[in-house]
Amino acid sequence: MDFKKNKAFTAAVAFCAVVLLGGLGCCVWQLIGMSSANAAAEATERKLTRLQNRGKDFALTEKNVSIEQANEAAINAAINAKIERLTGKKAGEKETPVPASNDFFSSLTQRVADYAKTLEAKKIALSDDAKFFGFGRYLSVASKPTLSSDSVRVLSTEEDALRRILTALTEARDAGEKALRGANLLAPDKRVFLLIKDVRRETAELAQGGGDAPASASRADELSVTPRDDSAETGLYRLTSKASPRGGAPFPSLRKPNMTKALAFQVGFVAPTAVFRNFLASLSDAGDFPIFVRDVSVKPAVPAEVSSAKLRLDPPPAPLPSEEAAAQESAAATDFGIFGPAPAESDRADASVAAVPAAPEKFVVSPEALSEFLVTLEYVVPAYNPSALAEEKEEE
């Protein structure tokens with residue numbers, strides 16, 4: 001067939017072809033659209049099914065919302081209780097006003113003197129290095145320095161912590177005495193020996209600055225905690241004192257940057273092991289104050305120090321001459337013979353008469369075993385990082 005001659009037929013075929021191709025394209029497009037719509041519908045249906053069939057998982061129902069609110073309230077209550085337990089203050093409670101440094105030192109002097117009298121009344125020996133309870137820098141000088149309010153706040157916190165530590169130690173001695181008396185091993189008029197040799201505190205207030213800060217030279221009742229290069233990662237610090245100016249073994253502190261801050265203390269004492277055990281147990285069981293034992297060292301007690309402390313607690317009475325001895329002394333002074341003073345009564349006694357034996361010495365069947373303990377402790381509180389909290393709020 002000659003297509004050139006039959007132009008009408010050729011045009012009709014071309015038109016039909018174009019229409020066919022267009023129809024096929026529309027069908028394909030429609031199929032693609034239907035497939036996408038079906039896929040979206042199936043996805044939506046699956047999501048709805050998951051929301052309906054999540055069981056115990058969270059679902060946007062009134063019951064689950066109320067449960068979530070109750071859980072959040074319980075979590076906030078637990079957080080507030082923890083803050084109150086650690087800091088001794090309720091969450092959101094304003095801090096008590098800090099007294100001026102002169103007023104604080106005046107009251108501190110009186111409290112230290114009262115506590116020393118209390119220990120003396122309880123028959124607890126106190127060495128010269130511990131008589132200021134860690135505050136010798138301020139109490140052993142006539143003129144007190146002027147410190148900032150932050151420094152006074154640190155000192156007040158340390159005084160409170162030391163009071164609790166020493167109270168726990170004296171109560172540990174009392175518990176030991178009660179147990180011994182209950183077993184009839186300690187007479188009612190006897191006391192378990194306790195000598196407080198060292199009371200040291202960390203001089204953290206000097207880092208706060210302010211006013212006429214005292215000289216930074218370490219005292220016998222002070223500690224210094226300095227970080228090492230790896231302290232942030234390992235938690236190990238360098239603990240130094242006048243007794244060990246170069247520091248000993250690495251000090252495992254609980255202080256962490258932007259997480260917790262701590263104050264270090266050391267208490268050295270001589271006592272039986274039972275007192276030491278009671279002391280550690282009281283600090284472990286008492287969860288109302290954040291004081292933690294970090295290190296313990298033990299060595300034999302020095303007998304000379306123990307004897308000296310016992311003499312200070314119970315000095316022997318001055319010897320008084322008996323009436324018989326005074327009469328014999330007076331007779332010897334006036335009784336003279338031809339050849340001089342008369343012989344003493346003991347010389348005139350018959351040599352064959354046996355002397356009256358002296359009373360036998362009393363020995364303790366189970367002698368009191370004393371040891372010297374040095375306990376390193378830390379008072380720990382949470383440290384809030386305002387910048388980190390601000391970043392968290394921005395991320396939310």
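How many helices and how many strands does the protein have? Colour by secondary structure and you can pick out 11 helices and 10 strands. Keep in mind throughout that this is a predicted model.

**The whole chain**

Start with everything shown as a surface. The accessible surface of the protein comes to about 26700 Å², and carbon and sulfur atoms account for 59% of that area. Of the 396 residues, 27% are buried. If you switch to a contact map, take the contacts with a separation of 6 or more: 74% of them join residues 24 or more positions apart.

**Stop 1: helix α5**

Select residues 149-182, which form helix α5. Put a distance label between the first and last C-alpha of these 34 residues and you should read 49 Å, close to the 50 Å expected at 1.5 Å a residue.

Now step just past the end of α5 to asparagine 184, where phi is positive at about 60°. Asparagine 184 sits in the loop between α5 and β2. With a relative accessible area of 72%, asparagine 184 is exposed.

For a second example, go to lysine 123, in the loop between α3 and β1 (125-126). Here too is a residue other than glycine with a positive phi, near 60°. Lysine 123 is partly exposed, at 32% relative accessible area.

**Stop 2: the nonpolar cores**

Which helix supplies the largest share of the largest nonpolar core? Show the side chains of this core, which has 46 residues. Phe133, Leu169, Ile196, Phe269, Phe279 and Tyr379 are the members that touch the most others. At least two core residues come from each of α3 (101-121), α4, α5, β2, β6 (260-272), α7 (273-285) and β10 (370-382). The largest share, 10 residues, belongs to α5.

Centre the view on leucine 169. Setting aside residues up to four places away in sequence, leucine 169 touches Leu194, Ile196, Val267, Phe269, Val275 and Phe279. Then look for a second, separate core of nine residues, among them Ala125, Ala301, Val306 and Leu313.

While α7 is on screen, select arginine 277, which lies in that helix. Arginine 277 is exposed, with a relative accessible area of 51%. Draw a line from its C-alpha to that of glycine 176: the two are 101 residues apart along the chain but separated by 9.5 Å.

**Stop 3: arginine 201**

Is arginine 201 buried or exposed? Find arginine 201 in strand β2 (residues 195-202) and check its accessibility. Arginine 201 counts as buried, since its relative accessible area is 0%, against a cut-off of under 20%.

Follow the side chain of arginine 201 outward and you will meet the backbone oxygen of glycine 134 at 2.7 Å. Then show what surrounds arginine 201, leaving out neighbours within four places in sequence: the contacts are Gly134, Phe135, Tyr138, Leu155, Glu158, Leu162, Asp221, Glu222, Leu223, Ala264 and Phe265.

**Stop 4: salt bridges**

One of those contacts, Glu222, leads to the next stop. Side chains of opposite charge can pair when their charged atoms come close. How many salt bridges are there in this model? The count comes to 21.

Select glutamate 222 with arginine 137: they form a salt bridge, and their closest N and O atoms are 2.6 Å apart. This pair links distant parts of the chain, with glutamate 222 in strand β3 (residues 222-227) and arginine 137 in helix α4 (residues 136-139), 85 residues apart. Both glutamate 222 and arginine 137 are buried.

Next, select aspartate 198 and arginine 200. Their salt bridge has its closest N and O atoms 3.6 Å apart, and both residues are buried.

Compare the setting of aspartate 230 and arginine 228, whose side chains meet in a salt bridge at 3.2 Å, N to O. Aspartate 230 is partly exposed because its relative accessibility is 28%, and arginine 228 is likewise partly exposed, at 27%.

To finish, select Arg173, Asp174, Glu177, Arg181 and Arg191 together. Salt bridges that share partners join these five residues into one network.

Technical notes:
Residues numbered from 1 in each chain as written. Predicted model: local features only at pLDDT ≥ 70, side-chain atom pairs only at ≥ 80, totals over all residues. Heavy atoms only, no water. Helix = DSSP H or I, 4+ residues; strand = E, 2+ residues; numbered from the N terminus. Expected span 1.5 Å × (residues − 1). Salt bridge = Lys/Arg side-chain N within 4 Å of Asp/Glu carboxyl O. Buried < 20%, exposed > 50% of the residue type's maximum accessible area, 1.4 Å probe, protein only. Polar contact = N/O pair within 3.5 Å; in protein donor to acceptor, adjacent residues only side chain to side chain. Contact = heavy atoms within 4.5 Å. Core = buried A, V, L, I, M, F, W, Y, C linked by side-chain atoms within 4.5 Å. Areas by Shrake-Rupley, 256 points an atom, 1.4 Å probe, with all protein chains shown as cover.
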